[in-house]
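Please find below a note on the structure, set out as numbered points for a colleague who has not met it before.

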Amino acid sequence: MRQLSKEMKPLNYYVKKGSVSIVLLNIFLLISVQHTTAQNDLVNDEYQAFSVGAHVKNMHLWHGSVVHPGAMIATSLEYNSKNEKFTFGLWGGASFSTIDVNNITTGKTESAFYKEVSIYTKYRFSDRFFIEAVSHNNYTGVEERGDKLQFWSYDKTQGYNFVDVNFGYNISPNTLLYLATIINGGSGDYEVQMDGSLKNSWTHYFEVNSKVWEKGDASLSLFAGGAWSFTTYKTFYTESAANIINVGATFSKDVKIGNYNLPIGITAMWNPEQEKTVLQLDLTLF
């Protein structure tokens with residue numbers, strides 16, 4: 001056993017000398033260090049790799065379009081890395097009401113519920129800049145209209161799957177610049193040429209979204225977005241080579257129901273090209 005130095009005395013030395021307070025101080029410091037270490041371990045253990053979410057809406061809007069005009073529920077399942085830079089998730093939408101589609105074989109009108117399961121991944125390079133890829137898989141009415149359902153099909157003419165590559169940059173804490181590009185010409189993002197061939201539009205969508213007012217748990221954001229193509233005279237969103245398609249405002253607030261806070265969002269959207277104006281209510285369940 002290693003001998004004690006002159007500065008390191010056995011515990012009974014201090015007791016004999018009446019220095020109990022020094023012993024207690026040392027014990028207190030030891031307990032404090034252990035408690036701090038335990039707290040740090042607890043904080044590290046609070047990391048949750050997976051999260052879920054659910055929204056109920058009276059309609060579903062996206063990039064100036066009414067994807068579904070009736071009530072629907074949207075759910076999500078996400079994986080987030082510990083450093084919060086990487087995200088991989090699934091987003092699903094299902095409606096409570098139907099839309100009418102024409103069966104290409106019988107010619108009859110069939111009722112179809114809105115159904116979508118999209119896959120997305122995002123990487124945040126910093127608090128300001130991120131890149132994102134989304135595979136939009138909206139298979140509403142595919143079987144009802146007489147097509148064969150192929151979830152992984154990105155055929156141009158089948159009309160329900162396409163991929164977006166998106167970039168986002170916060171020029172300030174309250175203002176986001178957002179650019180999305182359809183990269184594979186799926187789901188109708190093409191123009192029919194004179195010889196019958198299909199030419200990809202590679203549609204670009206650009207949006208500016210800025211929070212202009214905030215008080216307590218309430219806020220108001222304004223947005224404006226447009227779409228264009230450098231290769232064709234139409235885009236995925238427009239009947240012309242370029243147009244403004246998404247202008248509006250979103251009001252957000254927490255509504256207290258007993259001890260429960262229900263976040264709500266009300267979006268007023270105007271599409272100048274389609275001359276369409278709608279009001280969307282979005283309730284965040286969790």
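**Notes on the structure**

1. Serine 153 is placed in the loop between β7 (129–137) and β8 (161–172); strands (E, at least two residues) and helices (H or I, at least four) are DSSP runs, numbered from the N terminus. The model discussed here is predicted, so local features are taken only at pLDDT of at least 70 and side-chain atom pairs only at pLDDT 80 or more, while totals for chains, interfaces and linings use all residues. Residues are numbered from 1 along each chain as its sequence is written, and side-chain values use heavy atoms, with hydrogens and water left out.

2. Is serine 153 buried or exposed? Serine 153 is buried, because its relative accessible area is 14%; buried means under 20%, exposed over 50%, and partly exposed in between (1.4 Å probe, protein chains only). Leaving aside neighbours within four places in sequence, serine 153 is in contact with Gln158, Tyr160 and Asn161, where contact means heavy atoms within 4.5 Å. A polar atom of the serine 153 side chain also lies 3.4 Å from the backbone nitrogen of aspartate 155. Such a polar contact is a pair of N or O atoms within 3.5 Å; within protein, one must be able to donate a hydrogen and the other to accept it, and residues adjacent in sequence count only if both atoms are side-chain atoms.

3. The two strands that flank this loop are themselves partners: β7 and β8 run antiparallel and are joined by nine bridges. Two strands pair if DSSP finds at least two bridges between them. Asparagine 137 has asparagine 161 in β8 as its bridge partner. On β7 there is also pairing with strand β6 (residues 109–124), antiparallel and over six bridges. A hairpin of four residues joins β6 to β7, and isoleucine 119 stands opposite serine 135 in β7.

4. How do the strands fit into the whole? The protein has two helices and 16 strands. Twelve strands close into a barrel with antiparallel pairing, in the order β1-β4-β5-β6-β7-β8-β9-β12-β13-β14-β15-β16. Neighbouring strands of this sheet are turned by 20 degrees against each other on average, direction ignored; the axes are lines fitted to C-alpha atoms, for helices over the stretch in contact, and angles run from 0 to 180 degrees between N-to-C directions. Strands of a sheet pair through backbone hydrogen bonds, either parallel or antiparallel.

5. Further along the barrel, β12 and strand β13 (residues 218–228) pair in the antiparallel sense over eleven bridges. Histidine 204 has tryptophan 228 in β13 as its bridge partner, and asparagine 209 stands opposite phenylalanine 223 in β13. These two strands form a hairpin with two residues between them, and glycine 216 in the turn has a positive phi of about 65 degrees. On to strand β14 (residues 242–257), β13 is joined by ten bridges, again antiparallel. Here leucine 220 stands opposite phenylalanine 251 in β14.

6. Which residues make up the largest nonpolar core? It consists of nine residues: Phe130, Phe162, Tyr178, Ala180, Ile182, Tyr205, Ala227, Tyr237 and Ile245. Strand β9 (residues 175–182) gives the most to this core, with three residues. A nonpolar core is a set of buried Ala, Val, Leu, Ile, Met, Phe, Trp, Tyr and Cys residues joined through side-chain atoms within 4.5 Å. Not counting residues up to four places away in sequence, phenylalanine 162 touches several residues, including Trp62, Val134, Tyr154, Ile182 and Phe236. A second, separate core of five residues includes Met59, Leu61, Phe223 and Val278.

7. Two loop residues deserve a check of their backbone. Tryptophan 202, in the loop between β11 (198–200) and β12 (204–215), has a phi near 50 degrees, a positive value in a residue other than glycine. Tryptophan 202 counts as partly exposed because its relative accessibility is 37%. Glutamate 275 lies in the loop between β15 (260–271) and β16 (276–284), and its phi is likewise positive, near 50 degrees. Glutamate 275 is exposed, with a relative accessible area of 71%.

8. Some totals complete the picture. Buried residues make up 34% of the 286 residues in the protein. About 17,500 Å² is exposed, and carbon and sulfur atoms supply 61% of it; accessible areas come from the Shrake-Rupley method with a 1.4 Å probe, and for residues only the protein chains shown count as cover.
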